[in-house]
Amino acid sequence: MQVAGRNAIVTGGGGGIGAAIAARLVRAGARVVVADLNGEAAAAVAATLNAEFPGTAVAVGADVSDTARIEELIARTETEFGPVDLYFANAGVIGPVGLGDEKDWETTLDVNLNAHIRAARLLVPGWVERGEGYFVSTASAAGLLTQIGSAAYSVTKHAAVGFAEWLSVTYGDQGVRVSCLCPMGVETPLLRAGENSGDAIGMAATRAVTSAGAVLTPDTVAELVMAALDDERFLILPHPEVLDMYRRKGADYDRWLSGMRHYQARLLDSGDGH
């Protein structure tokens, strides 16, 4: 899909990957509604974009785990720009360290998974009727592999990948395009959440990511996302080595699990990720 002249919603757009994607979309000629739980952050991103490209960005403070708020986002986009062509389900939370409690799981499931499902339920029928639309899910390499330290993050990112796969299989021949972004380390506050948790397993979680490959900038990731949209490619892997890891996991699951347990133990014992 060529994004010039298209209308997009980017959730979690107040910073990090979301802000970088919003900026890259606008520079490619799209119009963008920047949504974020932090309305001030969303407004700052939109103001920066409008200063360079007037009238191309609108900010909305919204909890996108709430169906009513997603409905409002879609309505605002239609009012300001026209029908939604692309939806970037990018908002995410790291979730609790370890197993967490029920409330932690509810929040993580709502943001990392249910928000995707709710948006798709609102948008996909119209896209099928129009014969086109694009859903971009920000998952994680953790959705293909796992995440040391956080059960909720790992499980919800696996589920996000699974939901994106299902959307593509079910609606891909009806004009609905789907891409799933699965990076490892990207320099955002989310990456450093475990490191700043004060919990040994949380700190190991950050080290597991930062020691596994390069930590990329959000701008680099956004460029790769745009290239994937141009190719209408499902799996977006900013860290190509993730594919090799995923293949090794599938080739010998028990060996992979054993290796991950040893890796976790080394991280906890050494405290330096090596």
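In the predicted model, buried residues account for 47% of the 274 residues of the protein. The accessible surface amounts to about 12100 Å², and carbon and sulfur atoms contribute 53% of that area. Of the contacts between residues at least 6 apart in sequence, 72% link residues at least 24 apart.

The secondary structure consists of 10 helices and 7 strands. An open sheet of 7 strands is formed in the order β3-β2-β1-β4-β5-β6-β7, and the pairing is parallel. The edges are occupied by β3 (57-61) and β7 (235-236); each has a single partner strand, so one side of each lacks a neighbour in the sheet. Within the sheet, β5 (residues 133-138) pairs with β6 (residues 176-181) in the parallel sense over 6 bridges. T138 is placed opposite L181 in β6.

Two helices can be described relative to these strands. Helix α3 (residues 67-80) lies across β1 (7-11), β2 (31-36), β3 and β4 (86-89), and runs at about 160° to β3. Helix α5 (residues 151-171) lies across β5 and β6, with an angle of about 160° to β6.

The structure contains 0 disulfides. For C180, the nearest cysteine sulfur is that of C182, at 3.9 Å, and C180 is in no disulfide. C182 is likewise in no disulfide, its nearest cysteine sulfur being that of C180. A pair of cysteine sulfur atoms counts as a disulfide within 2.5 Å, so the 3.9 Å separation does not qualify. C180 is buried, with a relative accessible area of 0%, and C182 is also buried, with a relative accessible area of 0%.

Methods: Residues are numbered from 1 along each chain as its sequence is written. This is a predicted model: local features need pLDDT of at least 70, side-chain atom pairs count only at pLDDT 80 or more; totals for chains, interfaces and linings use all residues. Side-chain values use heavy atoms; hydrogens and water are left out. Helices (H or I, at least four residues) and strands (E, at least two) are DSSP runs, numbered from the N terminus. Buried means under 20% relative accessible area, exposed over 50%, partly exposed in between (1.4 Å probe, protein chains only). Contact means heavy atoms within 4.5 Å. Accessible areas come from the Shrake-Rupley method with a 1.4 Å probe; for residues, only the protein chains shown count as cover. Two strands pair if DSSP finds at least two bridges between them. Axes are lines fitted to C-alpha atoms, for helices over the stretch in contact, and angles run from 0 to 180 degrees between N-to-C directions.
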